[in-house]
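Please look over the structure below before reading on. The paragraphs that follow lead through some of its helices, their packing and a few single residues.

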Amino acid sequence: MKRFSHKAASELFDPSVLAGLTDNDERVFAAVVSSFLAQCPSLLHALAVASHAGDAGDAAQAAFQAHAIKGMARNIGSASLFSLARNAEALAREGAPTEQLVAAAAALQDEFGRLSLLLQEYTGS
């Protein structure tokens with residue numbers, strides 16, 4: 001695995017968080033990253049679909065998806081993705097206008113794209 005400067009990686013990805021959860025086991029670390037990269041896109045898609053629908057049931061679904069992303073982001077060590085997911089979850093729970101929830105989902109998708117590239121580079125996958 002590559003090492004990134006603390007400043008460059010700290011908000012988007014802090015590898016020490018995941019290293020702590022995996023007892024510094026590189027195989028487990030890589031497996032968790034791989035699982036995250038495989039599962040998060042479907043959650044982001046479900047969030048985007050629910051965000052565009054605009055009714056109460058879909059807002060609850062959007063909150064659920066954002067909550068799941070938030071937990072994954074915390075475990076992987078991405079403070080920025082966690083923060084965006086927390087915001088999307090709050091917007092969905094508060095019944096924010098559809099446009100705000102759609103924008104929050106898009107911001108999460110963009111941040112995941114940045115994080116995904118960084119994680120792939122970090123793990124060499």
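Leaving out residues up to four places away in sequence, L37 touches F112, S116, L119 and Q120. The model in which these contacts are found is a predicted one. L37 lies in helix α3. With a relative accessibility of 17%, L37 counts as buried, because the cut-off for buried is under 20%. F112, S116 and L119, three of the residues that L37 touches, are listed among the buried residues of α6. R86 is 49 residues from L37 along the chain, and the C-alpha atoms of the two are separated by 19 Å.

How do the helices α3 and α6 lie relative to each other, and what is the angle between them? They pack at about 165°, and their axes are 10 Å apart. α3 is therefore roughly antiparallel to α6, since the angle is over 145 degrees. The crossing of these two helices is left-handed. Sorted by class, the residues in the contact of α3 with α6 are 17 nonpolar and 7 polar, with no charged residues.

A second residue of α3 looks toward another part of the chain. L43 is placed in helix α3, which covers residues 26-53. Its relative accessibility is 16%, so L43 counts as buried. Apart from neighbours within four places in sequence, L43 is in contact with Q65, A68, I69 and M72. A66 is 23 residues from L43 in sequence, and the C-alpha atoms of the two are 7.8 Å apart in space.

Before α3 comes the loop that joins α2 (15-21) to α3, and D23 is found there. N24 is in the loop between α2 and α3 as well. Most residues other than glycine have a negative phi. D23, although not a glycine, has a positive phi of about 50°. N24 is not a glycine either, and its phi is positive, about 60°. Are these loop residues buried or exposed? D23 is exposed, because its relative accessible area of 67% is over 50%. N24 is exposed too, with a relative accessible area of 62%.

Helix α6, residues 98-123, has 26 residues. From its first C-alpha to its last it reaches 37 Å, close to the 38 Å expected at 1.5 Å a residue. Its buried residues are L101, A104, A105, L108, E111, F112, L115, S116, L118, L119 and Y122. An α-helix has 3.6 residues a turn, so residues three or four places apart point the same way. Q109 is placed in α6 too, but at 39% relative accessibility Q109 counts as partly exposed. Q109 and S16 are 93 residues apart in sequence, with 24 Å between their C-alpha atoms. Just after α6, G124 takes a positive phi of about 75°.

What span should helix α5 have, given its number of residues? At 1.5 Å a residue, the 16 residues of α5 (79-94) should span 22 Å, and the end C-alpha atoms are 22 Å apart, which agrees. Buried in α5 are S80, L81, F82, A85, A88, E89, L91 and A92. G95 follows α5, and its phi is positive, near 70°.

The packing of α5 against α6 comes next. The two helices pack at an angle of about 165°, with 9 Å between their axes. α5 and α6 are therefore roughly antiparallel to each other. Their crossing is left-handed. On the α5 side the contact is made by S80, L81, L84, A85, N87, A88, L91 and A92. On the α6 side it is made by Q100, L101, A104, A107, L108, E111, F112 and L115. By class, this contact of α5 with α6 has 12 nonpolar, 3 polar and 1 charged residues.

One residue of this contact can be followed further. S80 is found in helix α5. S80 is buried, with a relative accessible area of 8%. Which residues does S80 touch, not counting residues up to four places away in sequence? They are E11, L12 and E111. E111 belongs to the α6 side of the contact between α5 and α6, and E111 is also listed among the buried residues of α6.

Note on methods. Residues are numbered from 1 along each chain as its sequence is written. This is a predicted model: local features need pLDDT of at least 70, side-chain atom pairs count only at pLDDT 80 or more; totals for chains, interfaces and linings use all residues. Side-chain values use heavy atoms; hydrogens and water are left out. Helices (H or I, at least four residues) and strands (E, at least two) are DSSP runs, numbered from the N terminus. Buried means under 20% relative accessible area, exposed over 50%, partly exposed in between (1.4 Å probe, protein chains only). Contact means heavy atoms within 4.5 Å. The expected span of a helix is 1.5 Å times one less than its number of residues. Axes are lines fitted to C-alpha atoms, for helices over the stretch in contact, and angles run from 0 to 180 degrees between N-to-C directions. Angles under 35 degrees count as roughly parallel, over 145 as roughly antiparallel, 65 to 115 as roughly perpendicular and the rest as oblique. A crossing is left-handed if the near helix is turned anticlockwise from the far one by less than a right angle, and right-handed if clockwise. Ala, Val, Leu, Ile, Met, Phe, Trp, Tyr, Cys and Pro count as nonpolar, Asp, Glu, Lys and Arg as charged, and the others, Gly among them, as polar.
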